[in-house]
Amino acid sequence: MERIILHCDMDRFYCTVEEKHDPSLRNIPFAVCGDPEMRHSIVMSASSMARQYGVRAGLRFADARRLCPALMYVTADHNKYLAEAKAAREVYCKYAENIIPYGLDESWIVLEDGVTWHEAAQIAELIKLEIMYSMDLSMSVGVSYNLIFSKIGSDYNKPNGLTVITRDNYKGIIWPLSAKDLLFVGEVREKALAGYGIKTIGDIAAADPEFLMRILKSKVGYDLWMFANGNDGNFHPENDSINSIGNTITPPKDLRNNEEVGAVLYMLASAVCARLKKHGLKARCVAIDTRDNQFNKATRQCTFDIGTDNINHIFNQAFRLFKNNYCWANPLRSVGIRAMSLDDSSQLSLFSADDCVIMVDVDSQIKRLTARFGKLEVESAGTHERL
(Lines give C-alpha, C1' and ligand atoms only; values in the text may rest on other atoms or scores of the structure.)
Protein backbone atom coordinates (compact mmCIF):
# COMPACT_ATOMS: atom_id res chain seq x y z
CA MET A 1 0.00 0.00 0.00
CA GLU A 2 1.15 3.56 -0.69
CA ARG A 3 1.37 6.27 1.94
CA ILE A 4 -1.66 8.47 2.51
CA ILE A 5 -1.34 12.06 3.68
CA LEU A 6 -3.91 14.45 5.15
CA HIS A 7 -3.52 18.20 4.86
CA CYS A 8 -5.50 20.02 7.55
CA ASP A 9 -6.19 23.71 6.93
CA MET A 10 -8.16 25.75 9.47
CA ASP A 11 -10.89 27.76 7.75
CA ARG A 12 -10.45 31.56 8.05
CA PHE A 13 -8.34 30.77 11.09
CA TYR A 14 -7.75 34.21 12.58
CA CYS A 15 -11.38 35.29 12.11
CA THR A 16 -12.89 32.09 13.48
CA VAL A 17 -10.64 32.26 16.53
CA GLU A 18 -11.80 35.83 17.14
CA GLU A 19 -15.45 34.78 16.69
CA LYS A 20 -14.92 31.98 19.18
CA HIS A 21 -13.69 34.45 21.81
CA ASP A 22 -16.27 37.12 20.91
CA PRO A 23 -19.44 35.56 19.40
CA SER A 24 -20.89 39.02 18.61
CA LEU A 25 -18.40 39.22 15.72
CA ARG A 26 -20.35 36.51 13.89
CA ASN A 27 -23.03 39.06 13.03
CA ILE A 28 -20.84 41.74 11.45
CA PRO A 29 -18.33 42.00 8.59
CA PHE A 30 -14.83 42.30 10.06
CA ALA A 31 -11.20 41.71 9.28
CA VAL A 32 -8.22 40.73 11.39
CA CYS A 33 -5.28 43.01 10.70
CA GLY A 34 -2.65 45.20 12.28
CA ASP A 35 -3.34 48.72 13.49
CA PRO A 36 -5.55 50.27 10.78
CA GLU A 37 -4.26 53.72 11.70
CA MET A 38 -0.87 52.66 10.29
CA ARG A 39 -0.64 52.84 6.49
CA HIS A 40 0.87 49.38 6.17
CA SER A 41 -2.07 47.62 7.86
CA ILE A 42 -2.91 44.51 5.83
CA VAL A 43 -5.94 42.23 6.10
CA MET A 44 -4.74 38.91 7.51
CA SER A 45 -8.16 37.23 7.43
CA ALA A 46 -11.68 38.28 6.43
CA SER A 47 -14.91 37.01 7.96
CA SER A 48 -17.57 35.28 5.89
CA MET A 49 -19.69 38.43 5.76
CA ALA A 50 -16.70 40.56 4.73
CA ARG A 51 -15.77 38.12 1.97
CA GLN A 52 -19.21 38.67 0.42
CA TYR A 53 -18.06 42.22 -0.36
CA GLY A 54 -14.81 41.03 -1.95
CA VAL A 55 -12.60 41.57 1.09
CA ARG A 56 -9.69 39.13 1.00
CA ALA A 57 -6.44 38.54 2.85
CA GLY A 58 -3.61 40.65 1.51
CA LEU A 59 -5.66 43.80 0.90
CA ARG A 60 -4.73 47.01 2.66
CA PHE A 61 -7.34 47.73 5.31
CA ALA A 62 -8.10 51.10 3.71
CA ASP A 63 -8.88 49.38 0.38
CA ALA A 64 -10.95 46.72 2.15
CA ARG A 65 -12.97 49.44 3.88
CA ARG A 66 -13.76 50.93 0.45
CA LEU A 67 -15.20 47.60 -0.65
CA CYS A 68 -17.15 47.23 2.59
CA PRO A 69 -17.79 50.61 4.30
CA ALA A 70 -19.22 48.83 7.36
CA LEU A 71 -16.08 46.73 7.78
CA MET A 72 -14.85 46.51 11.35
CA TYR A 73 -11.38 45.46 12.41
CA VAL A 74 -9.87 43.30 15.11
CA THR A 75 -6.21 43.77 15.93
CA ALA A 76 -4.31 40.52 15.52
CA ASP A 77 -3.52 38.66 18.74
CA HIS A 78 -0.75 36.19 17.87
CA ASN A 79 -0.58 34.63 21.33
CA LYS A 80 -4.24 33.69 21.02
CA TYR A 81 -3.72 32.11 17.59
CA LEU A 82 -0.62 30.27 18.76
CA ALA A 83 -2.55 28.69 21.65
CA GLU A 84 -5.33 27.51 19.32
CA ALA A 85 -2.80 26.12 16.80
CA LYS A 86 -1.08 24.13 19.51
CA ALA A 87 -4.41 22.73 20.69
CA ALA A 88 -5.25 21.64 17.14
CA ARG A 89 -1.93 19.84 16.81
CA GLU A 90 -2.62 17.99 20.04
CA VAL A 91 -5.74 16.65 18.32
CA TYR A 92 -3.72 15.56 15.27
CA CYS A 93 -1.29 13.65 17.49
CA LYS A 94 -4.13 11.38 18.60
CA TYR A 95 -4.35 9.99 15.07
CA ALA A 96 -0.74 9.84 13.86
CA GLU A 97 2.84 10.40 15.03
CA ASN A 98 4.20 12.12 11.95
CA ILE A 99 2.81 15.68 12.00
CA ILE A 100 4.41 18.33 9.73
CA PRO A 101 3.39 21.91 10.67
CA TYR A 102 3.16 24.50 7.90
CA GLY A 103 2.52 27.91 9.38
CA LEU A 104 0.10 28.38 12.24
CA ASP A 105 -3.08 27.06 10.67
CA GLU A 106 -1.92 24.21 8.43
CA SER A 107 -0.40 20.78 9.05
CA TRP A 108 0.24 17.59 7.13
CA ILE A 109 -0.55 14.29 8.85
CA VAL A 110 1.31 11.31 7.41
CA LEU A 111 -0.75 8.21 8.22
CA GLU A 112 0.77 4.89 9.17
CA ASP A 113 1.46 2.26 6.54
CA GLY A 114 -1.48 -0.02 5.84
CA VAL A 115 -4.23 2.58 6.24
CA THR A 116 -6.76 2.28 3.40
CA TRP A 117 -8.26 5.20 1.49
CA HIS A 118 -11.61 4.58 3.16
CA GLU A 119 -9.98 4.58 6.60
CA ALA A 120 -8.03 7.75 5.75
CA ALA A 121 -11.25 9.54 4.82
CA GLN A 122 -12.82 8.38 8.08
CA ILE A 123 -9.82 9.68 10.06
CA ALA A 124 -10.15 13.02 8.29
CA GLU A 125 -13.83 13.24 9.23
CA LEU A 126 -13.06 12.35 12.86
CA ILE A 127 -10.42 15.08 13.06
CA LYS A 128 -12.79 17.64 11.53
CA LEU A 129 -15.51 16.69 14.02
CA GLU A 130 -13.19 16.82 17.03
CA ILE A 131 -11.88 20.24 16.00
CA MET A 132 -15.44 21.45 15.54
CA TYR A 133 -16.87 20.14 18.82
CA SER A 134 -13.86 20.44 21.13
CA MET A 135 -12.46 23.73 19.81
CA ASP A 136 -15.47 25.38 18.11
CA LEU A 137 -13.41 25.85 14.94
CA SER A 138 -13.78 24.69 11.34
CA MET A 139 -11.24 23.03 9.08
CA SER A 140 -10.98 21.57 5.59
CA VAL A 141 -8.94 18.47 4.82
CA GLY A 142 -7.30 17.16 1.67
CA VAL A 143 -6.48 13.45 1.45
CA SER A 144 -3.95 12.30 -1.12
CA TYR A 145 -0.83 10.24 -1.80
CA ASN A 146 1.53 13.25 -1.81
CA LEU A 147 2.03 16.50 0.07
CA ILE A 148 1.24 18.81 -2.85
CA PHE A 149 -2.09 17.27 -3.89
CA SER A 150 -3.28 16.95 -0.29
CA LYS A 151 -2.69 20.69 0.20
CA ILE A 152 -4.60 21.50 -2.97
CA GLY A 153 -7.36 19.19 -1.72
CA SER A 154 -7.80 21.15 1.51
CA ASP A 155 -8.44 24.31 -0.57
CA TYR A 156 -10.71 22.58 -3.08
CA ASN A 157 -13.99 22.62 -1.17
CA LYS A 158 -13.83 25.24 1.59
CA PRO A 159 -15.13 25.73 4.20
CA ASN A 160 -15.53 22.50 6.18
CA GLY A 161 -14.65 20.42 3.14
CA LEU A 162 -13.11 17.01 2.57
CA THR A 163 -11.54 16.12 -0.78
CA VAL A 164 -9.89 12.80 -1.61
CA ILE A 165 -7.40 12.87 -4.49
CA THR A 166 -6.01 9.53 -5.69
CA ARG A 167 -3.86 8.37 -8.59
CA ASP A 168 -7.09 7.50 -10.40
CA ASN A 169 -8.88 10.86 -10.11
CA TYR A 170 -6.16 13.52 -9.79
CA LYS A 171 -6.13 14.47 -13.47
CA GLY A 172 -9.82 15.33 -13.33
CA ILE A 173 -9.53 17.33 -10.11
CA ILE A 174 -6.05 18.86 -10.17
CA TRP A 175 -5.17 19.51 -13.79
CA PRO A 176 -8.11 21.83 -14.68
CA LEU A 177 -7.23 24.16 -11.79
CA SER A 178 -5.51 27.48 -12.38
CA ALA A 179 -1.70 27.42 -12.30
CA LYS A 180 -1.80 29.77 -9.29
CA ASP A 181 -3.42 26.98 -7.26
CA LEU A 182 -0.14 25.05 -7.34
CA LEU A 183 2.21 25.58 -4.42
CA PHE A 184 4.93 28.17 -5.14
CA VAL A 185 3.14 29.71 -8.13
CA GLY A 186 2.65 33.30 -7.07
CA GLU A 187 1.52 36.31 -9.07
CA VAL A 188 4.88 36.82 -10.81
CA ARG A 189 5.28 33.18 -11.86
CA GLU A 190 1.63 32.92 -12.87
CA LYS A 191 2.10 35.89 -15.20
CA ALA A 192 5.34 34.47 -16.62
CA LEU A 193 3.70 31.12 -17.33
CA ALA A 194 0.57 32.70 -18.83
CA GLY A 195 2.79 34.58 -21.29
CA TYR A 196 3.53 31.21 -22.88
CA GLY A 197 -0.04 29.92 -22.72
CA ILE A 198 0.53 27.88 -19.55
CA LYS A 199 -2.57 28.69 -17.53
CA THR A 200 -3.56 25.50 -15.69
CA ILE A 201 -1.80 22.92 -13.55
CA GLY A 202 -2.40 20.48 -16.40
CA ASP A 203 -0.52 22.82 -18.73
CA ILE A 204 2.43 22.76 -16.31
CA ALA A 205 2.28 18.97 -16.15
CA ALA A 206 2.34 18.70 -19.95
CA ALA A 207 5.13 21.23 -20.48
CA ASP A 208 8.79 20.44 -21.04
CA PRO A 209 10.50 20.88 -17.63
CA GLU A 210 13.60 22.35 -19.31
CA PHE A 211 11.35 24.96 -20.94
CA LEU A 212 9.76 25.76 -17.58
CA MET A 213 13.19 26.29 -16.04
CA ARG A 214 14.13 28.66 -18.85
CA ILE A 215 11.04 30.84 -18.69
CA LEU A 216 11.08 30.98 -14.87
CA LYS A 217 14.87 31.38 -14.83
CA SER A 218 15.13 28.93 -11.96
CA LYS A 219 15.22 25.24 -11.04
CA VAL A 220 11.79 25.85 -9.54
CA GLY A 221 10.41 25.25 -13.05
CA TYR A 222 11.44 21.60 -12.76
CA ASP A 223 9.98 21.37 -9.25
CA LEU A 224 6.63 22.77 -10.46
CA TRP A 225 6.56 20.20 -13.27
CA MET A 226 7.18 17.47 -10.69
CA PHE A 227 4.47 18.82 -8.38
CA ALA A 228 1.91 19.06 -11.20
CA ASN A 229 2.53 15.41 -12.00
CA GLY A 230 2.05 14.30 -8.41
CA ASN A 231 5.70 13.94 -7.40
CA ASP A 232 6.64 15.74 -4.17
CA GLY A 233 10.17 14.34 -3.95
CA ASN A 234 11.75 17.81 -4.07
CA PHE A 235 9.49 19.26 -1.37
CA HIS A 236 10.62 18.82 2.23
CA PRO A 237 8.61 21.04 4.58
CA GLU A 238 9.77 18.96 7.55
CA ASN A 239 13.26 20.32 6.93
CA ASP A 240 12.08 23.90 6.48
CA SER A 241 14.91 26.29 7.27
CA ILE A 242 15.31 30.03 7.62
CA ASN A 243 16.35 31.43 4.25
CA SER A 244 16.27 35.10 5.18
CA ILE A 245 15.43 37.40 8.06
CA GLY A 246 13.90 40.74 7.27
CA ASN A 247 12.23 43.77 8.81
CA THR A 248 10.28 46.63 7.22
CA ILE A 249 8.94 49.97 8.42
CA THR A 250 6.09 51.91 6.81
CA PRO A 251 5.94 55.15 8.82
CA PRO A 252 2.75 57.22 9.06
CA LYS A 253 4.37 59.87 6.82
CA ASP A 254 6.81 59.62 3.94
CA LEU A 255 10.56 59.72 4.49
CA ARG A 256 12.15 62.67 2.69
CA ASN A 257 15.94 62.63 3.12
CA ASN A 258 18.96 60.39 3.67
CA GLU A 259 19.19 61.21 7.37
CA GLU A 260 15.65 60.04 8.07
CA VAL A 261 16.21 56.87 6.06
CA GLY A 262 19.50 56.26 7.87
CA ALA A 263 17.80 56.36 11.26
CA VAL A 264 15.09 53.96 10.08
CA LEU A 265 17.66 51.60 8.57
CA TYR A 266 19.54 51.52 11.86
CA MET A 267 16.37 50.55 13.72
CA LEU A 268 15.76 47.82 11.14
CA ALA A 269 19.35 46.57 11.31
CA SER A 270 19.07 46.34 15.09
CA ALA A 271 15.91 44.22 14.81
CA VAL A 272 17.38 42.00 12.10
CA CYS A 273 20.60 41.38 14.05
CA ALA A 274 18.66 40.57 17.22
CA ARG A 275 16.81 37.87 15.26
CA LEU A 276 20.05 36.60 13.72
CA LYS A 277 21.52 36.19 17.20
CA LYS A 278 18.34 34.50 18.45
CA HIS A 279 18.70 31.81 15.77
CA GLY A 280 22.50 31.61 16.00
CA LEU A 281 22.90 32.73 12.38
CA LYS A 282 25.21 35.04 10.47
CA ALA A 283 24.50 36.75 7.15
CA ARG A 284 26.73 36.88 4.08
CA CYS A 285 24.38 39.14 2.13
CA VAL A 286 22.23 42.15 2.94
CA ALA A 287 19.42 43.57 0.80
CA ILE A 288 17.33 46.72 1.06
CA ASP A 289 13.79 47.03 -0.26
CA THR A 290 12.33 50.45 -1.00
CA ARG A 291 8.87 51.58 -2.07
CA ASP A 292 8.21 55.21 -2.89
CA ASN A 293 4.94 57.10 -2.52
CA GLN A 294 4.04 56.18 -6.11
CA PHE A 295 4.38 52.48 -5.12
CA ASN A 296 7.50 51.97 -7.24
CA LYS A 297 9.50 49.13 -5.68
CA ALA A 298 13.23 48.42 -5.86
CA THR A 299 15.65 45.94 -4.29
CA ARG A 300 19.42 46.23 -4.02
CA GLN A 301 21.83 43.83 -2.35
CA CYS A 302 25.51 43.20 -1.64
CA THR A 303 27.50 40.24 -0.31
CA PHE A 304 30.28 39.79 2.27
CA ASP A 305 33.23 37.43 2.30
CA ILE A 306 32.39 36.30 5.82
CA GLY A 307 29.15 36.00 7.74
CA THR A 308 28.22 38.64 10.32
CA ASP A 309 25.54 39.53 12.84
CA ASN A 310 27.18 42.87 13.62
CA ILE A 311 24.60 45.67 13.74
CA ASN A 312 26.97 48.42 12.65
CA HIS A 313 28.34 46.50 9.68
CA ILE A 314 24.92 45.47 8.38
CA PHE A 315 23.63 49.00 8.85
CA ASN A 316 26.57 50.55 7.04
CA GLN A 317 26.23 48.20 4.09
CA ALA A 318 22.48 48.83 3.88
CA PHE A 319 22.88 52.60 4.13
CA ARG A 320 25.62 52.59 1.49
CA LEU A 321 23.34 50.60 -0.83
CA PHE A 322 20.59 53.14 -0.30
CA LYS A 323 22.71 56.24 -0.87
CA ASN A 324 24.34 54.77 -3.98
CA ASN A 325 21.07 53.74 -5.61
CA TYR A 326 18.17 55.98 -4.54
CA CYS A 327 17.86 59.26 -6.45
CA TRP A 328 14.95 60.83 -4.48
CA ALA A 329 12.64 61.22 -7.46
CA ASN A 330 9.85 60.65 -4.91
CA PRO A 331 9.60 60.49 -1.10
CA LEU A 332 9.79 57.00 0.40
CA ARG A 333 6.71 55.23 1.69
CA SER A 334 8.51 52.22 3.20
CA VAL A 335 11.97 50.73 3.57
CA GLY A 336 13.18 47.30 4.62
CA ILE A 337 16.33 45.29 5.30
CA ARG A 338 16.82 41.56 4.67
CA ALA A 339 19.74 39.45 5.85
CA MET A 340 20.33 36.54 3.45
CA SER A 341 22.80 33.73 2.67
CA LEU A 342 22.50 32.65 6.29
CA ASP A 343 24.61 30.03 8.05
CA ASP A 344 25.35 28.96 11.58
CA SER A 345 29.12 29.31 11.25
CA SER A 346 30.88 29.90 14.54
CA GLN A 347 33.70 31.74 12.76
CA LEU A 348 34.36 35.13 14.32
CA SER A 349 33.16 38.14 12.39
CA LEU A 350 35.85 40.35 10.91
CA PHE A 351 33.72 43.36 11.72
CA SER A 352 33.86 44.41 15.36
CA ALA A 353 31.66 47.19 16.60
CA ASP A 354 34.73 49.38 17.07
CA ASP A 355 35.77 48.96 13.42
CA CYS A 356 32.41 50.05 12.03
CA VAL A 357 31.88 53.78 12.21
CA ILE A 358 28.22 54.68 11.89
CA MET A 359 27.71 56.95 8.89
CA VAL A 360 24.85 59.04 10.31
CA ASP A 361 23.92 60.46 13.71
CA VAL A 362 21.20 57.88 14.28
CA ASP A 363 20.40 58.78 17.87
CA SER A 364 19.33 62.34 17.12
CA GLN A 365 17.53 61.28 13.93
CA ILE A 366 15.57 58.56 15.75
CA LYS A 367 14.49 61.11 18.35
CA ARG A 368 13.38 63.47 15.57
CA LEU A 369 11.44 60.71 13.79
CA THR A 370 9.78 59.62 17.02
CA ALA A 371 8.72 63.19 17.69
CA ARG A 372 7.37 63.49 14.13
CA PHE A 373 5.72 60.09 13.71
CA GLY A 374 5.28 58.67 17.19
CA LYS A 375 6.34 55.07 17.84
CA LEU A 376 7.36 53.32 14.63
CA GLU A 377 6.17 49.74 14.19
CA VAL A 378 8.68 47.28 12.75
CA GLU A 379 7.17 44.53 10.60
CA SER A 380 9.07 41.24 10.62
CA ALA A 381 9.25 38.76 7.76
CA GLY A 382 11.42 36.01 6.46
CA THR A 383 11.61 33.46 9.25
CA HIS A 384 9.71 30.20 9.40
CA GLU A 385 9.68 29.32 13.07
CA ARG A 386 8.10 26.09 14.30
CA LEU A 387 5.71 26.01 17.22
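Accessible areas here come from the Shrake-Rupley method with a 1.4 Å probe. On that footing, the protein chain of this predicted model exposes about 19000 Å², and carbon and sulfur atoms supply 49% of that surface. Of its 387 residues, 48% count as buried. The fold is built from 14 helices and 13 strands. Among contacts with a separation of 6 or more, 68% are between residues 24 or more positions apart.

Now to the aromatic rings. A pair of aromatic rings is described by the distance of the centres and the angle of the planes. The count for this chain comes to 21 aromatic pairs. Take Phe-184 and Phe-235: their ring centres sit 5.7 Å apart with the planes at 75°, and since an angle over 60 degrees counts as edge-to-face, that is the label this pair gets. Phe-184 belongs to the loop between α7 (170-173) and α8 (187-194), while Phe-235 belongs to the loop between α11 (220-228) and β9 (244-249), so the pair ties together parts that are 51 residues apart in sequence. As for cover, Phe-184 is partly exposed, at a relative accessible area of 37%, whereas Phe-235 is buried, at 8%.

The pair formed by Phe-315 and Phe-319 has its ring centres 5.6 Å apart and its planes at 20°, so this one is stacked. Here both partners come from helix α13 (residues 311-325), where they are four residues apart, about one turn of the helix. Both Phe-315 and Phe-319 are buried.

Back with the edge-to-face pair, Phe-184 and Phe-235 are also members of one aromatic cluster, together with Tyr-102, Trp-108 and Phe-227. A ring can also have a charged neighbour: Arg-167 lies over the face of Tyr-145, at 4.1 Å from the ring centre.

Strands β7 and β8 make a good place to look at how the chain is laid out. Strand β7 (residues 139-144) pairs with β8 in the parallel sense, over four bridges. One of the partnerships joins Val-141 to Leu-162 in β8. To get from β7 to β8, the chain passes through helix α6 (residues 147-156), and this β-α-β crossover is left-handed.

In a regular strand the side chains alternate between the two faces of the sheet. Strand β8 (residues 162-165) has Thr-163 and Ile-165 on a covered face, with Leu-162 and Val-164 on the uncovered one. Leu-162, the bridge partner of Val-141, is thus placed on the uncovered face of β8.

Methods
Residues are numbered from 1 along each chain as its sequence is written. This is a predicted model: local features need pLDDT of at least 70, side-chain atom pairs count only at pLDDT 80 or more; totals for chains, interfaces and linings use all residues. Side-chain values use heavy atoms; hydrogens and water are left out. Helices (H or I, at least four residues) and strands (E, at least two) are DSSP runs, numbered from the N terminus. Buried means under 20% relative accessible area, exposed over 50%, partly exposed in between (1.4 Å probe, protein chains only). Contact means heavy atoms within 4.5 Å. Rings of Phe, Tyr and Trp (its six-membered ring) pair if their centres lie within 6.5 Å; planes under 30 degrees apart count as stacked, over 60 as edge-to-face and the rest as tilted. A charge sits over a ring if NZ of Lys or CZ of Arg is within 6 Å of the ring centre and within 35 degrees of the ring normal. Two strands pair if DSSP finds at least two bridges between them. A crossover is right-handed if, with the strands pointing away from the viewer, the path from the first strand over the helix to the second runs clockwise.
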